[in-house]
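User: Could you walk me through this model? I would like to go from the overall fold to the central sheet.

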Amino acid sequence: MSPLLDIRGVSVRFGGLAAVSDLALALGQGEIHALIGPNGAGKSTVINCISGFQPLSAGEMRLGDERLGQLTPVTAARKGIARTFQTPQLFGRLSVADNVRVASRSGRTGLFDGGELIELVGLAGLQARAAESLAYGQQRLLEVARALACAPRLLLLDEPAAGLAADDIARLARLLRRIAGELGLGILLVEHNVGLVKRLCDQATVMHHGLVIASGSPAAVLSDPAVVTAYLGAQASPSQARPC
Amino acid sequence: MRSVVEPLSPSKAGAAPHKSILARYRPWLVALAVLAALFAAAPRLLSDYQLYTLNLIQVNILLAVGLNLVIGVTRQFALFSGALLGIGAYVAALLQMRLGVPFLLSLPVAVLATMAVSAAVSLVAWRAGGLYLAMITFGFGEVFQFILVHADAITNGPDGLAVPRPAFAGVSFAAPARLFELFLPLTAIAVAGYRLMETGSLGRTMTALGDSEIALASVGRDPRMAKTIAFAIQGAYAGLAGAMFAAAVGFIDPYSFGLGVTLQQLTAIAVGGFGSLAGAVVGGAVLTLIERGVMDLPGVREIVYGLALLVVFLGFPAGLAGLFSRRRASRPADAGR
């Protein structure tokens, strides 16, 4: 069976800088895939390319049978790609409930309704609060709820656990595992929390200076000597390291 | 594959508890009662000059409401309210004068024409934002004024046009009281329509556009289309205001529709509170009263506007609407909400 997301030979250049070089990545339905690497490795650029915010310089991307790569963000979203941002991008003056409402598609049925999504990410009781008044971690959780409200086939999360307390991270991990398992949603997440990556993800790809330096199961790639040197630091134990 | 989400139902997601029908519609009923009282009493109790001022207040309220949507809500810094007002005024006036179209029929045409122009200008906002959009729309206003001055054959140039007093089916609306009776329902419907828009799906999209264009795009809603709709709505309100202005004043010239009008409206929505409908209504009314009050004192108007902006931005940046809601929120009865 062909993967949900298939990326082959993708490169992105900003003038003379190669932000991403010859990236290959496959993500199946129901799979959670981590994209990790030090700051500036090109992870967010990959997210931007898939979601239509950044055109490709070379290569090909497919979502199922559909070609991506030259889509606008709006078209990509309508094809079933939802995302969060490295810096939360909420509709600050709208309430928590309205943030989710703006993203909701009418006429679709599914596992959760928007109110349940808000509860599932741990924001129950805050529906009427203005999004801009939420704490940073809550804003991240609301972004996840809003992205899920788009009823996506592919969910792209850019550092979803940054700024979250341990309880919130555990709740988020349970939610992501549930939606991937029950709905067959593919999830690609950029994340620096190595513990979360090991616990949650089925596959991991490590990038460094725009290049893929390792790919495979999280346990395998995080013990790869090249990854330890480039990302975790040669002296650090992978289980302890948590770069920011 | 199943979808992850069902549409958010208001009953589940909204925080507002269930209210009785009377409580739910109380603000509308109160507004309706006030308007009915105003409609019945004002023509009998007020002088022609006062009614004339009330008519101008309504013009400025409509203009402020439209500008507030584009600048206060969607945060598109477009500075061509004066030109839009002028398009509405000239289209309505020329239709009546050159083609003999009755005033009441010239109104919707003026609204549609101004909507179309404003929507066309929104194409600029698809690419340009911030200062660039401000400068481009300012330029549009200047070019529009230039055309009005130099297209003598149509507009009578800088000498302006004496607009015929509205009449329809043999009924004359020349007196300020009759115009007031005509304008008040129009203004009320327009403001109520805005309120319905602002509290619905389109209103949410407009606010979302102002907060984060990229987030709006990321959920599959086209920010460019949202901008065009916002500009078109502003055009509709300005077109209606323009046609009413021409009828109320009875004379229009190119200099009535310059940057000064735009800056006045900008001051109105700043004083009222950016993004707030109530603020736009109050700001439009207050600024009209200030203008009428100091119209015989050259230069004083600009000083008053400047001082008003200083006081607002230094003292209560959310404007009069923000001040009111802050006071209401601090009342003990509301503390537990």
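**Fold and sheet of chain A**

User: Among contacts between residues at least 6 apart in sequence, what share in chain A joins residues at least 24 apart?
Analyst: Happy to help! This is a predicted model, where local features need pLDDT of at least 70, side-chain atom pairs count only at pLDDT 80 or more, and totals for chains, interfaces and linings use all residues. Residues are numbered from 1 along each chain as its sequence is written, while chains are lettered from A and ligands numbered from 1 in the order in which they are written. With contact meaning C-beta atoms, placed from the backbone, within 7 Å, the share for chain A is 65%.

User: How confident is the predictor on average in chain A?
Analyst: The score is pLDDT, the predictor's confidence in each residue, from 0 to 100. Over residues 236-244 of chain A it is below 50. In chain A, 92% of the residues score at least 70, and the average pLDDT is 89.

User: Which strands of chain A stand at the edges of the sheet?
Analyst: Strands here are DSSP runs (E, at least two residues), numbered from the N terminus, and two of them pair if DSSP finds at least two bridges between them. Six strands of chain A form an open, mixed sheet in the order 6-8-9-3-10-11. Each edge strand has a single partner, so one side is left without a neighbour in the sheet; these are strand 6 (81-83) and strand 11 (211-216).

User: Which residue stands opposite A:I36 in strand 10 of chain A?
Analyst: Strand 3 (residues 32-36) and strand 10 (residues 203-208) of chain A run parallel, joined by four bridges. Opposite A:I36, in strand 10 of chain A, stands A:V206.

Terms used:
Two residues are in contact if their C-beta atoms, placed from the backbone, lie within 7 Å.
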